[in-house]
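Dear colleague,

I am handing over the structure we spoke about, and below it you will find my notes on what came out of going through it. Please read them with the structure open beside you.

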Amino acid sequence: MKYLSLVFDDGPRDLMCEMTDKIRGFGWSAAFAIIGNRINDETLPMLKYVIDNGFQIVSHGQDHSDLRLVSSKDEIINELTLPIKTVKQKLNYEITMARLPFLSASGDVLEIAKDLKLPLLGQGIDGGDDWDSSVNSDRIIEAVLGSACDGAIGCLHVLGHTSEALDVILPELKKRDFHLVTPEELFVKNGITPPLGVQINNANEYFNPAVSSSLKRPLRN
Ligand SMILES: [Zn+2]
């Protein structure tokens, strides 16, 4: 059995529920990286739905700012932690990890995330640029299935063409003996405590650096 973790960015949006149902249909779980300023009375029930289904929520910044361009330390801390505070207050759910908007980091950002004890989820599976609405689902399917590997953390988005791509991706991953879990579960399965101060592309790379170097991808949303 091989394990990987798909993390869908830029929620909360109502499509999260449909994507959750598709993944739950295989008895699996995943994670959503959410933007703090999108949390409101309309989107809170969607967040509650995915949490109640055993999915993980991670912080994707309060305003989806490119933190590499933010000079104030307090502002970087607020960007990373405000969604955590809101979800704790509204749903009593503890967010323990983050994904940087655009996967964009400076040394300061990595240092601050380390001080906050927030592991940063990277991109160990090619998402086929699914953030780009002009990309069709075939390209997403080909990219994900062409790069899926044991221990990898995927970076996809809460978008219609991505949800559509799941209809092909999920059964094919099952056929290949993959099992989708949350990032928290992925680290447990691989027997490691998530490292701090780096963007983690693969939970295995700390055992086998040769695997991860071939998975490095250019920065993308
Ligand atoms: Zn994003």
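H161 sits in helix α6, which covers residues 160–175, and in this predicted model H161 counts as buried because its relative accessibility is 13%, under the 20% cut-off. Leaving out residues up to four places away in sequence, H161 touches D130, D132, S133, V135, S137 and I140.

The helix around H161 deserves a few words of its own. With 16 residues at 1.5 Å a residue, α6 should span 22 Å, and its end C-alpha atoms lie 24 Å apart, which agrees with that expectation. There is nevertheless a kink of about 35 degrees in α6, and it is centred on L166. L166 is also one of the buried residues of this helix, a set made up of H161, T162, S163, A165, L166, I169, L170 and L173. What covers these buried residues includes the strands β1, β5 (153–157) and β6 (178–180), together with the helices α1 (15–24) and α5. Just after α6, D177 takes a positive phi of about 70 degrees.

Turning to charged pairs, a search of the whole structure finds eight salt bridges, and I describe some of them here. D9 forms a salt bridge with R99, in which the closest N and O atoms are 2.8 Å apart. Because D9 lies in strand β1 (residues 2–11) and R99 in the loop between α3 (73–91) and α4 (107–115), this pair ties together parts of the chain that are 90 residues apart in sequence. D9 is buried, with a relative accessible area of 0%, and R99, at 0% relative accessibility, counts as buried as well.

A second salt bridge brings together the side chains of K88 and E94, with an N to O distance of 3.2 Å. Here K88 counts as partly exposed at 35% relative accessibility, and E94 likewise counts as partly exposed, at 46%.

The side chains of D129 and R139 also meet in a salt bridge, at 2.6 Å from N to O. This pair links distant parts of the chain, since D129 belongs to the loop between β4 (120–121) and α5 (137–147) whereas R139 belongs to helix α5, the two being ten residues apart. D129 counts as buried at 16% relative accessibility, while R139 is partly exposed, with a relative accessible area of 41%. In addition, salt bridges that share partners join E18, K22 and D167 into one network.

The last residue I would point you to is I95, which is found in the loop between α3 and α4. Is I95 buried or exposed? With a relative accessible area of 4%, I95 is buried. Leaving aside its neighbours within four places in sequence, I95 is in contact with I57, V58, S59, P83, I84 and V87. One of these contacts, P83, is twelve residues from I95 in sequence, and their C-alpha atoms are 8.5 Å apart in space.

With best regards

Notes:
Residues are numbered from 1 along each chain as its sequence is written. This is a predicted model: local features need pLDDT of at least 70, side-chain atom pairs count only at pLDDT 80 or more; totals for chains, interfaces and linings use all residues. Side-chain values use heavy atoms; hydrogens and water are left out. Helices (H or I, at least four residues) and strands (E, at least two) are DSSP runs, numbered from the N terminus. Buried means under 20% relative accessible area, exposed over 50%, partly exposed in between (1.4 Å probe, protein chains only). Contact means heavy atoms within 4.5 Å. A salt bridge is a side-chain nitrogen of Lys or Arg within 4 Å of a carboxyl oxygen of Asp or Glu. The expected span of a helix is 1.5 Å times one less than its number of residues. The bend at a residue is the angle between axes fitted to the seven residues ending there and the seven starting there.
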